[in-house]
Protein chains: 6
Amino acid sequence: MGTVGLITDEAASAEVLAVFDDIRAVRGTDFINNFWRALANDPALLKATWERIKQVMAPGALDPLVKEMLYVAVSVANGCEYCAHSHTAAARAKGMSAEMHGELMAVIAMASQTNALATALQVETDDVFRME
Amino acid sequence: MGTVGLITDEAASAEVLAVFDDIRAVRGTDFINNFWRALANDPALLKATWERIKQVMAPGALDPLVKEMLYVAVSVANGCEYCAHSHTAAARAKGMSAEMHGELMAVIAMASQTNALATALQVETDDVFRME
Amino acid sequence: MGTVGLITDEAASAEVLAVFDDIRAVRGTDFINNFWRALANDPALLKATWERIKQVMAPGALDPLVKEMLYVAVSVANGCEYCAHSHTAAARAKGMSAEMHGELMAVIAMASQTNALATALQVETDDVFRME
Amino acid sequence: MGTVGLITDEAASAEVLAVFDDIRAVRGTDFINNFWRALANDPALLKATWERIKQVMAPGALDPLVKEMLYVAVSVANGCEYCAHSHTAAARAKGMSAEMHGELMAVIAMASQTNALATALQVETDDVFRME
Amino acid sequence: MGTVGLITDEAASAEVLAVFDDIRAVRGTDFINNFWRALANDPALLKATWERIKQVMAPGALDPLVKEMLYVAVSVANGCEYCAHSHTAAARAKGMSAEMHGELMAVIAMASQTNALATALQVETDDVFRME
Amino acid sequence: MGTVGLITDEAASAEVLAVFDDIRAVRGTDFINNFWRALANDPALLKATWERIKQVMAPGALDPLVKEMLYVAVSVANGCEYCAHSHTAAARAKGMSAEMHGELMAVIAMASQTNALATALQVETDDVFRME
């Protein structure tokens with residue numbers, strides 16, 4: 001239904017299946033969501049994207065739930081429907097409560113409006129905000 | 001230098017000064033950044049925006065640093081230069097380390113690329129991601 | 001300073017000068033703003049863009065000031081700095097008062113936040129909003 | 001079907017119902033569109049958003065139809081599907097004719113293309129457009 | 001199902017039919033896609049848009065397939081679902097192979113992420129990139 | 001002047017210098033543009049971004065100039081000032097003529113306007129454009 005078909009396990013090459021298997025192992029589930037099945041039309045792009053996201057979203061100085069909420073924030077601002085759905089679901093799976101979701105929505109809405117105002121008013125950056 | 005002038009304390013009406021004073025009190029600093037001085041051209045809009053942001057950014061289910069990093073993420077995705085500067089500075093003031101900043105950048109970059117891919121491929125939302 | 005140089009009257013071809021002259025005649029001023037001088041690097045694109053904008057912004061079912069404020073609204077949402085400047089100035093020249101500017105800002109800010117919320121919540125369109 | 005469920009009247013808390021009742025009273029209709037039912041998952045966000053939009057969209061220096069068309073313009077530039085639907089419907093309900101809609105479309109299309117050109121050419125803002 | 005109805009051949013005015021006929025002749029097909037049927041609600045906008053796109057997309061210094069892939073790239077970055085579908089299909093019809101599609105996707109994803117990083121870091125433009 | 005400082009060769013760690021050296025070798029120049037010097041604040045992000053872009057922009061089914069123009073198109077639609085500058089310069093260095101630049105601008109402008117129209121009209125995707 002998209003601009004490419006979805007690659008089923010049956011239709012997948014060995015290279016694609018290896019990525020699917022790693023997704024399943026890392027996430028502890030058999031489920032492969034449509035994004036990866038669409039991306040699998042280009043095995044090299046699938047592999048590069050998965051390898052990178054696995055690194056970026058791993059626990060670090062920021063915890064995985066914070067990273068997932070940041071992902072939602074960017075996805076919403078970029079107007080990506082699929083991503084709004086998939087990363088909101090992922091954030092819930094990582095422990096986002098209804099209160100946290102409400103505050104996430106409020107921050108996104110607030111930032112969206114002051115972003116627009118700062119752009120409309122063409123506010124000049126204060127010197128104090130710039131790094132030398 | 002913007003599309004409106006900046007309102008100095010001297011030129012401010014009593015209504016505007018009252019908001020400036022509250023900004024100073026809440027933030028514990030005398031400094032009023034240009035965004036508020038530009039917005040002060042419309043005292044009602046200044047007051048409404050400040051009252052709302054004060055509520056939204058207060059500690060809650062999410063801590064203030066997480067909220068500030070979410071603000072950066074939205075601002076970057078919306079391409080707001082002023083906001084990228086001001087909220088990165090604010091996040092640092094609230095304790096964002098260089099490691100956290102690096103991970104914030106990596107998540108924003110990752111989300112931007114998968115947002116683009118999901119949109120390009122027009123990936124259909126998996127049923128499991130939808131709320132009933 | 002841009003990605004192309006600005007074409008001065010002296011450097012302009014006859015085709016470019018003809019467009020510059022028409023801009024001057026329609027606007028009743030000798031001033032040609034940088035946008036047109038940049039676009040003049042491609043005379044055909046200059047001419048096509050000017051001919052179309054002249055038609056679109058002419059008085060019609062919507063008056064020119066309303067059209068100019070719509071132009072500001074789109075420009076801000078698209079994050080175009082130059083356009084925020086040039087069309088805010090144009091709206092003022094066409095009679096936008098400080099009160100109107102304040103309300104324009106408020107609507108842009110309001111729309112930006114509910115746009116973000118509707119996208120974040122992936123609200124399904126009500127049937128009543130759809131045309132048959 | 002969204003990232004949150006829709007709150008029916010039956011499931012609504014007293015706080016939510018009070019907002020729904022005010023929406024009905026202000027608009028003179030029993031119908032509550034999905035945006036508000038989705039937002040009602042967070043009663044505080046629902047109330048803050050409704051109270052603000054009621055103020056912003058009230059008649060003022062700009063008439064309600066102009067405000068509604070500005071809302072459409074921002075919504076389209078932000079790529080918000082739901083909002084394009086709901087605010088086009090609202091503009092029609094406030095008197096937007098087919099001619100006005102056609103001109104609204106033409107201005108949005110025109111601005112979108114010159115926004116892109118000004119960004120691509122990185123046109124420097126003319127001094128005359130800047131406020132001191 | 002959109003914000004306007006689709007104009008069938010039966011409902012089309014002579015002015016609209018003339019554009020539909022030209023679309024059919026230029027493309028060598030009887031099929032008129034929904035975009036043009038929606039735009040036909042405003043015959044003048046339909047005609048202006050078609051006349052311009054016919055010129056812009058004609059072979060020139062860039063070949064039609066390159067132009068079509070550029071169109072896909074812009075459409076994806078602007079988050080236009082319809083356009084992602086229609087121009088991906090058009091690029092395939094003009095000879096885009098699976099390898100080319102994969103590379104197009106990779107470039108779009110790459111640009112999206114470095115765009116975000118450059119905006120987040122507010123990188124100052126190197127003098128060498130500016131035209132005098 | 002950005003949200004981070006620029007890392008000079010003198011201040012660079014061995015890890016950063018190794019990336020800078022590879023950039024110099026691949027591009028056949030001593031010059032390191034600001035983007036990489038800003039990114040170097042996070043050596044891991046610098047390395048991951050450079051390694052990926054080197055792969056993505058290499059000759060393949062699409063030639064490097066086409067890839068560079070696609071990069072410009074995405075950067076403009078995303079409103080990235082730095083990227084519009086740097087990738088326009090790169091496209092010129094790879095052989096983009098004035099004619100090609102003019103056509104690139106025209107396609108970007110055209111796509112931007114039909115993107116906006118398709119979103120405003122909420123045109124439903126034709127079945128023929130969807131992959132099974």
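Take chain F of this predicted model and turn it by 120°, with a shift of 0.0 Å along the axis, and you can lay it on chain B with an RMSD of 0.0 Å. That is how a three-fold axis relates two chains. If you want to find the axis on the chain F side, look for F:G79: its C-alpha is the one in chain F nearest the axis, 3.7 Å from it. The two copies don't meet through matching patches, though. They use different surfaces, and 17% of the contact residues of chain F recur in chain B.

Now swing over to where chain B touches chain A. Here 58 residues of chain B are in contact with 58 residues of chain A. On the chain B side, the elements giving two or more residues are α2 (34-39), α3 (43-56), α4 (64-77), α5 (81-93) and α6 (98-121). Of these, α6(B) gives the most, with 17 residues. Sort that side of chain B by residue type and you get 33 nonpolar, 17 polar and eight charged.

One piece of this contact is worth a closer look: α4 against α4. Helix α4 of chain A (residues 64-77) packs on α4(B) at an angle of about 30°, and their axes are 8 Å apart. Because angles under 35 degrees count as roughly parallel, α4(A) is roughly parallel to α4(B). The crossing is right-handed. From α4(A) come A:V66, A:M69, A:L70, A:A73, A:V74 and A:A77, and they meet B:V66, B:M69, B:L70, B:A73, B:V74 and B:A77 in α4(B). Tally the residues in this helix-to-helix contact and you have twelve nonpolar, no polar and no charged.

Note on methods. Residues are numbered from 1 along each chain as its sequence is written. Chains are lettered from A and ligands numbered from 1 in the order in which they are written. This is a predicted model: local features need pLDDT of at least 70, side-chain atom pairs count only at pLDDT 80 or more; totals for chains, interfaces and linings use all residues. Two residues are in contact if their C-beta atoms, placed from the backbone, lie within 7 Å. Helices (H or I, at least four residues) and strands (E, at least two) are DSSP runs, numbered from the N terminus. Ala, Val, Leu, Ile, Met, Phe, Trp, Tyr, Cys and Pro count as nonpolar, Asp, Glu, Lys and Arg as charged, and the others, Gly among them, as polar. Axes are lines fitted to C-alpha atoms, for helices over the stretch in contact, and angles run from 0 to 180 degrees between N-to-C directions. Angles under 35 degrees count as roughly parallel, over 145 as roughly antiparallel, 65 to 115 as roughly perpendicular and the rest as oblique. A crossing is left-handed if the near helix is turned anticlockwise from the far one by less than a right angle, and right-handed if clockwise. Copies are superposed by least squares on the C-alpha atoms of residues with pLDDT of at least 70 in both.
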